[in-house]
Amino acid sequence: MTTIPIILASDNNYAPYMSVLMISILKNAKSNPFIDFYLLVPESFKEKYKKTIQADCRFYKNKHINFIDMQNAFSQTKRMIAHITEQSYYRLKATEILPKEYDKCIYLDIDTIVNDDLSELFSIDIEDNYVAGVKAPGYHFPEDGNRKYCERIGIPSINQYINSGVMLLNLKKIREDNLTPTLCEEALKNYPTVDQDVINKVFYNKIKHLEFKYNAMTVRIYAEDSKLLKIFTKEELDEARTTPFIIHYADKIKPWDSKNCIFADYWWKYAKLSNFYPQIIKSQIKENIKKVKDKILKNIYEYSKSDSHRTYKILGIKIKRRIKKAQLQPDFKTLIKENNKRINQQYNEKLKRITPRPYLEYIGFHLVDHCNLNCRCCDVCSPIADKRFVTLESFTNDIKRLQELTKQNIGTIILSGGEALLNPSIIEMMEVARNHFPNSKIRLQSNGILLLDKDKSFWKTLQKLNITITCTKYPIKLDYDLIQKTAEKYNLDFNYFNNAEILKTSYHIPFNIDGTENPRENFINCFHANQCIGIHDGKIYTCSPAANAHHFNKYFNTNMVLEEADYIDIYKAKSIQEILAFLAKPIPFCKYCNVKGRTFGHEWGISKKEIEEWT
C-alpha cells in the first residue's frame, strides 16, 4: 500500500475549509493509499475544531491525522499581502516536521479541492529537483519576462516561477543540501509575494513543472488563450478547464464566500459532507448581508433634505419622498434591500443555467409516459400521451452507459413519469439503479395513489435499497399521512415535492407552436433550462417541454420540429463533460416556448385535453 504524506496548514478561521479539502482527498483516493495528514496549526487552534475534523474523516479507514502545534514559528515574518497568514510559512519547515523515512510529500493550500486520486500526483518522479509545481501564469504574462520582478526577488529569470499552492516536495534532496535554514532565513525578508517568492528563489534551477490540471488556478484559468498557450499546451489547458485534477481558488473570491465563484459547485459538493457545513452556511449569510449593505451605501451617492421632502439619488435616478423621517427610513431601506435581493437572485439563477455543472448533480428517468391522475396543463403532456412504459432492458442499458460516462458520480437519480409506479418493472429498475450507483441518492417520485396498495415486500425492498420517496400533495382524497407513516415505519426518507402544508396548484407553461421566440433569451429566462434534466430512451434533454412535445404534436396534429441538436445521445457522447456542456446551452426547440407567457398558482384540476392548456 502506498503511503502519501500530505501537509496542510491553517488557523482557526480556515479550519472548516481545511476539513472540506481533506474530505475531497479521502473521497477520491480510489487506489486506496494510506493518507498521512500533517496539519500544521498555531498554538491557539481550537480543540473543538480538531474533533470536528476527526469526525469528518471518521468513515475513511486508511488515514492518520497528525496535528502539529507550530507555536510561534514565523511570527516575525513581514507579510506584504493581507490575506497571507503566518500559517503560509509553516511548510518551509517540512523537513523538520515530517519523519525522516519520508523522501517526499505533497503540500496543498487550504483554498484547494482535489477531484482525483492523489496517488497519480505523488507517483511523479521529481528527479533531482527540490520541488515540482505548476507555473504561476500571471507572473509569466509581461512581455519583458517580468525582468523587474526577477531583479526584486533575486532570480535570473521568471521562466521557472511556480505557484506554491500545490507542490510535490523532494524532502530527501532538501535535507541533503540543508536548505531548511536558508528557507527560514529568507522568510524574514521583504518579498512581494512572500513565501512563494522564497520557495522560487531558494529552489531556483531545481524546479520541475507539472501540468496545469494539477493546480487549475481560478484566477487565471479563463485568461486569454493567446497568453496561456505561451505557458501551457492546448491539451493541458483543455484538460484543466474540463477535468481539473486539483482546483485552486487562487483569487479574492472564494467558493465559501460566493457560489458565483468559478468551479464553486465542485467545492460545495464536498462542503455538504462536512460537519462544518452549518457553520460555513452561517458565515456565508453574514458575508452576504455585509455585501448587501455595502452595495446600498455605494448605490446612494447623493442625498438632500428640506422641511417638506427628502431626495435620494440612486444610480442617477432621483427618488423624492414627502413623508416624515420616521416613515421614510424603514420604507426606503426595505425597498433597497428587497430590490438588491431580487436582482442577485435573478442573476444567480441565470448564471447557473449557462454554466456547465462540475458533475451530473441529478437526472430524471422518464419511466412512464401516461399517468393515473391526468393534471391540467401537465408539463410532460401525460394526459394526452399514449400508454407507454420504458422497458427494463432499455433502462438497464442507459444506467450502465451513464455509469461508464460518469464513473458512478451522479448526485441524485430520480425515477418519475407520468406516474413511475405504473411501470411493472419499477422494483427491478430500482435494484439496477442501486447496483450501478451505490453512492447516489435514488428518489422515487410519485403522486402517491398506488403507494397504499403496496405490500410489505415492496416497502422492505425500498428500505434495503435506501430509496427516497417524494410525493406531490394533490387536493384529492388520499391519506398522505398514512403514506408518510408507512414510509417512516420502514425508516425511509420521505418528503413532499412542494411541502406538507402546500397543496398542488397548476401552472400554465404555453408552447408557441409558430416557433417565433428567441431561443437564447428563452433559455436564460427559463426555470426548466439546465434544471429539469431528464433522460428518455438514451437521450438526455436539458428540459421537460422539449422531451415531451411529441405527445402534443401527435394529439393536436401540430408540427413543432424536434431536431437532433435538441438532445444529446448518451451512446454517441464521448464524455460526461460533453454532456454537461450541452445542457448549459440553448437548444433549437427553445423557439417553441412562450417563456414570458408562463403563469403560476392556478387552481389544480383534471385535464380536459384542450389545446389551450398548452398554448
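This is a short tour of the structure, stop by stop, with something to select at each one. Keep in mind that you are looking at a predicted model.

**Stop 1: the strands around β17**

Start by selecting residues 467-471, which make up strand β17. How many of the residues in β17 are buried? 5 of its 5 residues are, so color the strand by accessibility and you will find it mostly covered. Now show the side chains. Ile467, Ile469 and Cys471 point one way, while Thr468 and Thr470 point the other way, and all are buried.

Next, add strand β16, residues 441-446. What is the sense of the pairing between β16 and β17? The two strands run parallel, with 5 bridges between them. For a landmark, pick Ile442, whose bridge partner in β17 is Ile467. To follow the chain from β16 to β17, display residues 456-465: this is helix α17, and the β-α-β crossover that passes through it is right-handed.

Now turn to β17's other partner in this tour, strand β18, at residues 494-496. Here, too, the pairing is parallel, and it covers 3 bridges. Select Ile469 and look for Phe494 of β18, which stands opposite. The connection is helix α18, residues 480-489, and together β17, α18 and β18 form a right-handed β-α-β unit.

**Stop 2: lysines over rings**

While β18 is on screen, select Lys473 and Tyr496. Lys473 lies over the face of Tyr496, 5.2 Å from the ring centre. A second example is Lys269, which sits over the face of Tyr359 at 4.6 Å from the ring centre.

**Stop 3: aromatic pairs**

Show every Phe, Tyr and Trp ring; the model has 34 aromatic pairs. Begin with Tyr14 and Trp256, an edge-to-face pair with 6.2 Å from centre to centre and 90° between the planes. Why does this pair tie together parts that are far apart in sequence? Tyr14 is in the loop between β1 (3-9) and α1 (15-27), whereas Trp256 is in the loop between β10 (246-248) and α12 (264-271), so the two parts joined are 242 residues apart in sequence. Color by accessibility again: Tyr14 is partly exposed, at 27% relative accessible area, and Trp256 is buried, at 5%.

Now select Tyr222 and Phe263. Their ring centres are 6.4 Å apart and the planes meet at 50°, so this pair counts as tilted. Tyr222 belongs to the loop between β9 (216-217) and α10 (225-228), and Phe263 to the loop between β10 and α12, so this contact ties together parts 41 residues apart in sequence. Of these two residues, Tyr222 is partly exposed, with a relative accessible area of 49%, and Phe263 is buried, at 14%.

For the last aromatic view, select Phe511, Phe552, Tyr555, Phe556, Phe589, Tyr592 and Trp614 together. Ring pairs link these residues into a cluster.

**Stop 4: cysteines**

Finish by selecting the cysteines. How many disulfides does the structure hold? There are 0. Try Cys371, which is in no disulfide: its nearest cysteine sulfur belongs to Cys375 and is 6.1 Å away, whereas a disulfide needs the sulfur atoms within 2.5 Å. Cys371 is buried, with a relative accessible area of 18%. Cys57 is buried as well, at 0% relative accessibility.

Key
Residues are numbered from 1 along each chain as its sequence is written. This is a predicted model: local features need pLDDT of at least 70, side-chain atom pairs count only at pLDDT 80 or more; totals for chains, interfaces and linings use all residues. Side-chain values use heavy atoms; hydrogens and water are left out. Buried means under 20% relative accessible area, exposed over 50%, partly exposed in between (1.4 Å probe, protein chains only). Rings of Phe, Tyr and Trp (its six-membered ring) pair if their centres lie within 6.5 Å; planes under 30 degrees apart count as stacked, over 60 as edge-to-face and the rest as tilted. Helices (H or I, at least four residues) and strands (E, at least two) are DSSP runs, numbered from the N terminus. A charge sits over a ring if NZ of Lys or CZ of Arg is within 6 Å of the ring centre and within 35 degrees of the ring normal. Two strands pair if DSSP finds at least two bridges between them. A crossover is right-handed if, with the strands pointing away from the viewer, the path from the first strand over the helix to the second runs clockwise.
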